[in-house]
Every structure is written in C-alpha cells, then in structure tokens.
Amino acid sequence: MPNIVEDIKMPIAAEMKLFEQKFYESMQSNVPLLDKVTRFIVTTKGKQMRPMFVFLCAKLIGEVNEKTFRGASMIELIHTATLVHDDVVDESFKRRNFFSINALWKNKIAVLVGDYLLSKSVLLSTDNKDFDLLAVISRTIREMSEGELLQLEKARKLDITEDVYYEIIRQKTATLIAACCELGVLSNGADENLAKKMQDFGTYTGMAFQIKDDLFDYLSSNFIGKPVGIDIKEQKMTLPLIYTLKTAKEIDRKYFFNTIKRYNNNPKRVKELIEFVKKSGGLDYAVGVMKDFQQKAKDILSEFPESEAKTSLNLMLDYVIERKF
C-alpha cells in the first residue's frame, strides 16, 4: 500500500503544503529556545493524518478556508503536545526514529513545551473568536486526559472489561479524530446535527484505528518498530487479550493472568500467551470488532454525495485497518 497516503492526499495536496507553513507560524514565540524546539517538531513530523481529516471533512460540504486551517493547526498542536507529554511519562527517548524532545532537552523543558503548545491551541481559537472550535478542543483535551487516567487506574488492578476498554480507547485515541472531523465541517458552518454526525464518524474511525494498533502487538510482521508483545510486557489489557481471558477456562485464565501480573518480562511466558491469544480466536474477534467500527463510519459517509473528498475518506478508512504501520 505504498501510495495510498498520496492518493488520500490528492484532493487536499495544495492545502497540506500550505498547512505546514501555517502550522509552524502557529507555534512561533519570542523565546529562542522555544523556537528551536518547535523547528525540530516541524522537521520530525509524522504523516499528519489528523489535519488530513480536517481538510477532507471540510471539503465534504464546502471549501477549505482560513477557519479550516486554524482548526487543523489547533488539532495538530494538541496532538503534538500529548506526544511530547507522553514521551516524558513513558521515559521514551525516541519518537519516529528521531530523539524525543525530553531526550534532547530534558523533562522540564519537554513538559513546558507541551503546555505551551496546548495554550497556543486555545489562543488560536480565542484570538479569532472561533468559540465553536474552542468548545470542541476543550472537550477533547478533557476526554484525552480522562482516558489516560482511566487506563492508569485500571492497569493497576488489570480489571479491564470490554466496555471499559472501549471507553479508554474512545477517550484516548478516537476523541481526537472525532474532533478533526467535527472541526472540519464546523469551519464550513455545519449545524449541530451535521457536526454530531461527523463527530460519530471520527469516533468510529478512531476506534478502528486503535484496535488495529493493538493487533500489531501480536504480529511478528509489524513494521511500526513496535516489539511483539510489548503491550503484555507493559501490562496493557487490549481487546484480543480481554476477549481471550473472558472466554478461557478458569485454569487457563488464572495461569495467563499470572503471566501478565508476575511474568510479563519472561519471554517464554509472553510468547506462550501470544500463541494462546491467537489459538483462542482473540485476534479474529478483535478484527471483527474493528471491521464493525469501520463499517459504521462508512455508513455515515454513504449519506454524502459523491466527491473527491468522500473518495479519499473512504480510502482513509481502508488504510486505517489495512496499514502495516
């Protein structure tokens, strides 16, 4: 699938090029150290999927305008801030094969840069009186924080049910993609009903995206640079594992629960658990749920007239569940 991202970008290629400049401008300050860090952020950017969602959703119902660019910048500022903060919390020194900000400038600067980026996202909306966009991003920041804390709370006891898992991934991952889609249509004057519909579209897409990420933990052929079994080592309860433990015999459940709790750094026990999840249908179950979320998103898209933006969003939905990284 080498060119699928370029195909998705086709209707918004000019906007994405212009966005890079506008995004960099949205981060600028009078502090030389901050500018040095933000220059580094721009040069080490990822695929920028989230701004793509903003632009494509705006084009579903109209044209990309200055408010759309502001919405995309706000989303990317929040996303970047959370990545910077995550690297500090996880004590991670690499991000997309580059050194992370905390590795290069230490934790205190990384935390302050993350805070600065969050404040910039809020100021971008208030300075332009985009109060509808502000309401969306404020809710998004709150939900992402709640999702992280809910996961940490549950991780201590390892008592995550399927419903709790869905709530965690909705808040942690899907809420930001939902915000992209909502901001996109709001930048073109969408009413409350349409905004909610696109929020749902983004939520379903984000849920499918996160389940795909969780499946990588079991695939030796993953290309995302994520070691196989890392979620188990970090005692993260993901959907394949939750389903497997729920449906396993009591004796197996106890044994593998013990693996997660006490032997999560034992390669033999972790490999054994991965094989058990595969054999028990945990992966097949998670793939089925992922495809259900994808279909729900496609059903919403089908209500819109044919356009280049709609084609690209359908391609994006295929990419979400077929990607290799």
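Entry 1, contacts along the chain. I looked up how far apart in sequence the contacting residues lie, and among contacts in the protein chain with a separation of 6 or more, 73% join residues 24 or more positions apart. I note here that the model is predicted.

Entry 2, secondary structure and surface. I went through the elements of the protein chain and found 15 helices and two strands. Of its 325 residues, 52% are buried, while the area that the protein chain exposes is about 15600 Å², with carbon and sulfur atoms supplying 54% of it.

Entry 3, the largest nonpolar core. I asked which residues touch the most other members of this core, and the entry I wrote down reads Phe53, Met198, Phe201, Ile211 and Leu241, out of 91 residues in the core. I then checked which helix gives the most to this core, and it is helix H8, covering residues 162-186, with 14 residues.

Entry 4, around Ile211. I took one of those core residues, Ile211, and, setting aside its neighbours within four places in sequence, I listed its contacts as Tyr165, Ile169, Leu239, Ala286, Val289, Met290 and Phe293.

Entry 5, Lys129. I turned next to the loop between helix H6 (101-127) and helix H7 (131-157), where Lys129 lies. Its phi is near 55°, a positive value in a residue other than glycine. For comparison, I recall that most residues other than glycine have a negative phi. Is Lys129 buried or exposed? I found that Lys129 has a relative accessible area of 63%, which means that it counts as exposed, the cut-off for that word being over 50%.

Key: Residues numbered from 1 in each chain as written. Predicted model: local features only at pLDDT ≥ 70, side-chain atom pairs only at ≥ 80, totals over all residues. Heavy atoms only, no water. Core = buried A, V, L, I, M, F, W, Y, C linked by side-chain atoms within 4.5 Å. Buried < 20%, exposed > 50% of the residue type's maximum accessible area, 1.4 Å probe, protein only. Helix = DSSP H or I, 4+ residues; strand = E, 2+ residues; numbered from the N terminus. Contact = heavy atoms within 4.5 Å. Areas by Shrake-Rupley, 256 points an atom, 1.4 Å probe, with all protein chains shown as cover.
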